[in-house]
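Here are a few exercises to work through with the model open beside you. Try each task first, then go through the solution step by step.

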Amino acid sequence: MEQGAKEIPVVYLHDIRRQYTQGETKLTILDGTKLALWAGQSVALVAPSGSGKSTLLHIAGLLESPDAGEVYIGGTATSGLSDVERTRIRRTDIGFVYQSHRLLPEFTALENVMLPQMIRGLRRSETVKRAREILSYLGLEDRVTHRPAELSGGEQQRVAIARAVANAPRVLLADEPTGNLDPNTADHVFNALMQLVKATRVAMLIATHNMELADRMDRRVSLENGHVVELD
Ligand SMILES: Nc1ncnc2c1ncn2[C@@H]1O[C@H](COP(=O)(O)OP(=O)(O)OP(=O)(O)O)[C@@H](O)[C@H]1O
């Protein structure tokens, strides 16, 4: 942990260990992993396939529990929390974007962005207003009534980003968010993510194989033998 002396990382992974059992063998994927994510900073996670990028994102996002170590969200240790409390943190403080958009096909763009807010208990009228604002911010004001199948790949991914930030999370975790897109569209979607980091000071961690995009982010890290190493 570095950065400003008084600042607390939005996410701090402390000595994370994660093993998977495959038949007789134990695979150690994360082994004493440490990583701090800071408000307003974009971090690229660039590491070979199978090195544990998705595992790290799932653990940072409280979707998966480590075998040892602690995940702090805004300074709060999460291992001792109940499932209900972890779910609450996941819903309010953490946003996810995946390689495929994972939007609900029978709902419009607007409804897809409203849903996380409604689950959180906000009034419908409020969720409509905020969903419209975010979609407009991402250049989708003319697409709010479209269903996912009626949107281009880049538009689908921007709706997925809008959904991820609908509850104004403190951290945005993205697993190959531009992996399915052509270079131009990938650039457009990537710019939208970077714009959000600057505008909202969300902390962002993106797993990517795209070094060109990684080079445009504030910081680059990799995974080597289960450890996070800083690149450059
Ligand atoms: N539930 C599981 N059970 C057993 N092994 C798993 C499980 N999940 C992941 N693994 C293994 O852990 C390793 C790391 O997987 P992970 O998906 O985190 O890698 P990754 O770096 O994200 O890879 P990619 O870039 O290909 O998406 C892989 O070898 C994978 O086979």
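## Exercise 1: the cores

**Task.** Find the residues with the most contacts inside the largest nonpolar core, and work out which elements supply this core.

**Solution.**

Step 1. The largest nonpolar core has 39 residues, and L135, L138, V159, L172 and M204 are those with the most contacts inside it. A nonpolar core here is a set of buried Ala, Val, Leu, Ile, Met, Phe, Trp, Tyr and Cys residues joined through side-chain atoms within 4.5 Å. Buried means under 20% relative accessible area, exposed over 50%, and partly exposed in between (1.4 Å probe, protein chains only).

Step 2. Now for the suppliers: α3 (109–119), α4 (124–137), α5, β7 (171–175), α6 (183–200), β8 (203–207) and α7 (211–215) each put in at least two residues. Helices (H or I, at least four residues) and strands (E, at least two) are DSSP runs, numbered from the N terminus. The top contributor to this core is α6, with 8 residues.

Step 3. Zoom in on L135. Leaving aside neighbours within four places in sequence, L135 is in contact (heavy atoms within 4.5 Å) with A109, L110, V113, L140, E141, V144, V159 and A162.

Step 4. Don't stop there: a second, separate core of 30 residues includes L30, L37, I59 and L223.

A word on ground rules: this is a predicted model, so local features need pLDDT of at least 70 and side-chain atom pairs count only at pLDDT 80 or more, while totals for chains, interfaces and linings use all residues. Residues are numbered from 1 along each chain as its sequence is written, and side-chain values use heavy atoms, with hydrogens and water left out.

## Exercise 2: the ligand shell

**Task.** Which residues are around the ligand, and which polar atoms lie within reach of its oxygens?

**Solution.**

Step 1. List the shell, counting a residue as near if one of its heavy atoms lies within 4 Å. You should get Y20, Q22, I29, P48, S49, G50, S51, G52, K53, S54, T55 and H209.

Step 2. Sort them: 3 are nonpolar, 8 polar and 1 charged. The scheme takes Ala, Val, Leu, Ile, Met, Phe, Trp, Tyr, Cys and Pro as nonpolar, Asp, Glu, Lys and Arg as charged, and the others, Gly among them, as polar.

Step 3. Look for polar contacts, meaning pairs of N or O atoms within 3.5 Å; within protein, one must be able to donate a hydrogen and the other to accept it, and residues adjacent in sequence count only if both atoms are side-chain atoms. A backbone N or O atom of G52 sits 3.0 Å from a ligand oxygen. For K53, a polar side-chain atom is 2.7 Å from an oxygen atom of the ligand, and for T55 the corresponding distance is 2.6 Å.

Step 4. Check the cover: taken alone the ligand exposes 640 Å², and the protein buries 60% of that. Areas come from the Shrake-Rupley method with a 1.4 Å probe; for residues, only the protein chains shown count as cover.

Step 5. The elements giving two or more residues to the shell are β1 (11–22) and α1 (53–60); α1 gives the most, with 3 residues.

## Exercise 3: helix α1

**Task.** Why is α1 called largely enclosed?

**Solution.**

Step 1. Count: 6 of the 8 residues of α1 are buried, so the helix is largely enclosed by the rest of the structure.

Step 2. Name the buried ones: K53, T55, L56, L57, I59 and A60.

Step 3. See what comes after: α1 is followed by L62, which has a positive phi, near 60°.

## Exercise 4: two glutamines and an arginine

**Task.** Are Q157, Q117 and R147 buried or exposed, or something in between, and what do they touch?

**Solution.**

Step 1. Q157 belongs to helix α5 (residues 153–164) and is buried, at 2% relative accessible area. Outside its neighbours within four places in sequence, Q157 contacts V97, Y98, Q99, S100, H101, P177, L181 and V189.

Step 2. Q117, in helix α3, is buried as well, at 0%. With neighbours within four places again left aside, Q117 meets L122, E126, T127, R130, A131, A166 and N167.

Step 3. R147 lies in the loop between α4 and α5 and counts as partly exposed, at 38% relative accessibility. Not counting residues up to four places away, R147 touches P105, E106, F107 and T108. A polar side-chain atom of R147 lies 3.0 Å from the backbone oxygen of E106.
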